[in-house]
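Let's take a walk through this structure together, with the ligand as our starting point. Keep the 3D view open as you read.

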Amino acid sequence: MTGETYAAAPDPYGLIGHPVDHSWSPFIHGMFAQQTGQNMVYRLYDIEPASLEKQVVELFASGVRGLNVTVPHKEAAVAFARELTPRAGRAGAVNTLILRDDGTLLGDNTDGAGLVNDLRQNQQVVLRDARVLVLGAGGAARGVIAPLLDQLVREITVANRTGARAQALCAEFHDKARLTACGFDAIPGRAYDLIINATAASLHGVMPVLPNGLISTYSVCYDMAYGRGMTPFTEWATLQRARLVCKGWGMLIEQAAVAFQLWRGVRPDTWPVLRALAQYQ
Ligand code: NDP
């Protein structure tokens, strides 16, 4: 007996995507773990689509307990889950994989909950009865439609550069009465309570050409993109004097908090992380 004590190895978690080097997730989960006293480590795994299945199997075989999933793997990750949560099933996309005690994987999608939590709790936005315009029909838009409908918004117009893709997305939902799909040029030119930019346009430094009159002084404009400074969308909204203009930092942190709770059974406080990341915004 040496009298030495050995600390248990931290439980491994991580993010799979391609690329992942820009990710804030290790920082966010690191703060959550410290705050809640969880013995875990969070790593980035840059995985190309061709080797995704092989590498995910290897990661879980090596002891990984859970993974976040980002672009371009969210839809492919559905196939790895033995079971999907209802919200992941409705989104047709998985952003969180949870290893269960029986060795199978549960697939969830926390993006919509992250957006709703940020809007309601951090931005104090009332969603009930809101008229919502979602720009984009890709993975991010797909993940937020059902959670917004669950908040009893009055209606959602989904507008996409490729109008047919918006129509295909809306057709997957049963709530036809509250959903309208169109191309950007056919958006009804009236002010919305909430406009969400779920396109990748901000990443390319462009603003889609939209009809006039979509913003009023009561409108909230939310760009899911996050990064330093203004985006073309937040500039567009600010110039038109929207009541509130936000970027997607809060959504990023809130979706991570939901994933963290799924993995560790403890809910982290997101405010310290929001404050810590404010300097990078
Ligand atoms: P996808 O690649 O799945 O979808 C991209 C969407 O953007 C499509 O609707 C596409 O339209 C549209 N688009 C791309 N380029 C342009 C352009 N130049 N002008 C107009 N529309 C364009 O991406 P995601 O849905 O996964 O991501 C979308 C955005 O959401 C990204 O900025 C991403 O960073 C952000 N995001 C933020 C999260 C957060 O936590 N804050 C979480 C998830 C995503 P088309 O169908 O015509 O090609």
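The shell around the ligand is made up of 15 nonpolar, eight polar and three charged residues. That shell belongs to a predicted model, and 26 residues surround the ligand in it. A140, N160, T162, R165 and A200 are the closest of them. If you prefer to think in secondary structure, look at α5 (139-150) and α8 (249-264): each of these helices supplies at least two residues of the shell.

Now zoom in on the oxygen atoms of the ligand. R165, already listed among the closest residues, places a polar side-chain atom 2.7 Å from a ligand oxygen. The backbone takes part as well: a polar backbone atom of A137 is 3.0 Å from an oxygen atom of the ligand, and a polar backbone atom of L252 is 3.4 Å from an oxygen atom of the ligand. On its own the ligand would expose 920 Å², and the protein buries 82% of that area.

Where does the ligand sit? The space it takes is the largest pocket. Rolling a probe the size of a water molecule over the atoms shows where empty space is left. The largest pocket holds about 1,400 Å³ of space. It is lined by 46 residues, and V71, A140, T199, A200 and L203 are the closest to its centre. A140 and A200 may look familiar, since both are also among the closest residues to the ligand.

The lining of this pocket divides into 22 nonpolar, 19 polar and five charged residues. At least two lining residues come from each of β3 (66-69), α5 and α8. Which element gives the most to the lining? That is α8, with four residues.

Let's finish with the backbone, where a few spots deserve a closer look. Most residues other than glycine have a negative phi, and most peptide bonds are trans. Against that background, the peptide bond from V71 to P72 is cis, with omega near 5°. V71 is the residue we met close to the centre of the largest pocket, while P72 lies in the loop between β3 and β4 (83-84). A second cis peptide bond joins H18 and P19, with omega about 5°, and P19 is found in the loop between β1 (11-17) and α1 (25-36). Finally, turn to Q124, which is not a glycine and yet has a positive phi of about 60°. Q124 is located in the loop between α4 (111-122) and β7 (131-135).

Conventions. Residues are numbered from 1 along each chain as its sequence is written. This is a predicted model: local features need pLDDT of at least 70, side-chain atom pairs count only at pLDDT 80 or more; totals for chains, interfaces and linings use all residues. Side-chain values use heavy atoms; hydrogens and water are left out. A residue is near a molecule or strand if one of its heavy atoms lies within 4 Å of it. A polar contact is a pair of N or O atoms within 3.5 Å; within protein, one must be able to donate a hydrogen and the other to accept it, and residues adjacent in sequence count only if both atoms are side-chain atoms. Accessible areas come from the Shrake-Rupley method with a 1.4 Å probe; for residues, only the protein chains shown count as cover. On a 1 Å grid over the protein atoms alone, a cavity is a set of points where a 1.4 Å probe fits but cannot get out, and a pocket is an open set with protein on both sides within 12 Å along at least five of seven lines; lining residues have an atom within 4 Å of a point. A molecule sits in a cavity or pocket if more than half of its atoms lie within 2 Å of its grid points. Ala, Val, Leu, Ile, Met, Phe, Trp, Tyr, Cys and Pro count as nonpolar, Asp, Glu, Lys and Arg as charged, and the others, Gly among them, as polar. Grid points are joined across faces, edges and corners, and a volume is the space filled by probe spheres set on the points.
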